[in-house]
Amino acid sequence: MNNNDVLRRVRYTFDLSDSQVIEVFSLTDVKVTNEQVTGWLKQGAEEGFSVLADLELSSFLNGFIDLKRGKRAGEQAKPENSLNNNMIFQKLRIALNLKAEDILDLLQLVDVQMSKHELSAFFRKPGNKHYRVCKDQMLHHFLQALQCQFNPSVDNVE
């Protein structure tokens with residue numbers, strides 16, 4: 001999945017307007033314009049489409065954590081220059097305060113069966129011998145499950 005897909009799915013799942021997306025970015029002191037958001041939300045073939053960089057998606061996800069859980073005391077999280085699916089999965093898990101059991105229950109909504117040990121491998125440090133790369137399909141299933149749980153009335157957004 002690309003960054004634009006992730007932003008698009010989160011936006012539609014949680015029914016965020018363009019102005020709310022801008023507000024989420026502002027929670028991490030990142031200023032974006034309505035035109036930027038509109039470009040990021042378009043499909044790749046549409047005129048005006050622009051690619052959402054890892055740093056920008058990381059800023060959005062950090063802001064989403066702040067939106068859902070409140071700003072933490074002390075130094076704020078720095079956005080990562082490079083993101084992978086494991087990091088995106090982790091940031092969404094944190095924002096929504098999901099425990100392993102919650103995620104497993106969510107995944108069952110989209111007919112994905114997984115053990116707690118398999119799931120925990122996605123959240124380990126890359127150097128850990130039990131670390132497992134989160135592939136696009138797994139992140140897609142998780143985002144689909146979030147949509148089923150939090151906004152089932154929204155059509156499947158690709």
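**Exercise 1. Sum up the chain as a whole.**

Solution. Let's start with burial: 41% of the 158 residues in the protein chain count as buried. Keep in mind that this is a predicted model. Next, take the secondary structure: the chain holds 8 helices and 0 strands, and reading along the sequence gives α-α-α-α-α-α-α-α. Now turn to dimensions. Along the principal axes, the C-alpha atoms fill a box of roughly 40 × 40 × 25 Å. For a compact globule of 158 residues one would expect a radius of gyration near 15 Å, and the chain agrees, with 15 Å. Last, consider the contacts between residues at least 6 apart in sequence: 67% of them join residues at least 24 apart.

**Exercise 2. Work out how helices α1 and α3 are arranged, and which residues bring them together.**

Solution. Begin by locating the two elements: α1 covers residues 3-13 and α3 covers residues 34-41. Their axes come within 8 Å and cross at roughly 105°. Angles of 65 to 115 degrees count as roughly perpendicular, so α1 is roughly perpendicular to α3. Then list the partners: α1 contributes N4, L7, R8 and R11, while α3 contributes G39, W40 and L41. Sorting this contact by class gives 3 nonpolar, 2 polar and 2 charged residues.

**Exercise 3. Check the length of helix α8, then find its buried residues and what covers them.**

Solution. Helix α8 runs over residues 136-150, which makes 15 residues. The expected span is 1.5 Å times one less than the number of residues, and for α8 that comes to 21 Å. The C-alpha atoms at its ends are 21 Å apart, so expectation and model agree. Now for burial: M138, L139, H141, F142, L143, Q144, A145, L146 and Q147 of α8 are buried. The cover over these buried residues includes α1, along with α5 (85-95), α6 (100-108) and α7 (116-122).

**Exercise 4. Decide whether T13 is buried or exposed, and name its contacts from farther along the sequence.**

Solution. First place the residue: T13 belongs to helix α1. Its relative accessible area is 3%, and a residue under 20% counts as buried, so T13 is buried. Then set aside the neighbours within four places in sequence; T13 is in contact with L143, L146, Q147, F150 and N151. To tie this to the previous exercise, recall that L143, L146 and Q147 are among the buried residues of α8, and that α1 is one of the elements covering the buried residues of that helix.

Key: Residues are numbered from 1 along each chain as its sequence is written. This is a predicted model: local features need pLDDT of at least 70, side-chain atom pairs count only at pLDDT 80 or more; totals for chains, interfaces and linings use all residues. Side-chain values use heavy atoms; hydrogens and water are left out. Axes are lines fitted to C-alpha atoms, for helices over the stretch in contact, and angles run from 0 to 180 degrees between N-to-C directions. Helices (H or I, at least four residues) and strands (E, at least two) are DSSP runs, numbered from the N terminus. Angles under 35 degrees count as roughly parallel, over 145 as roughly antiparallel, 65 to 115 as roughly perpendicular and the rest as oblique. Contact means heavy atoms within 4.5 Å. Ala, Val, Leu, Ile, Met, Phe, Trp, Tyr, Cys and Pro count as nonpolar, Asp, Glu, Lys and Arg as charged, and the others, Gly among them, as polar. Buried means under 20% relative accessible area, exposed over 50%, partly exposed in between (1.4 Å probe, protein chains only). The radius of gyration is taken over C-alpha atoms; the globule rule is 2.2 Å times the number of residues to the power 0.38.
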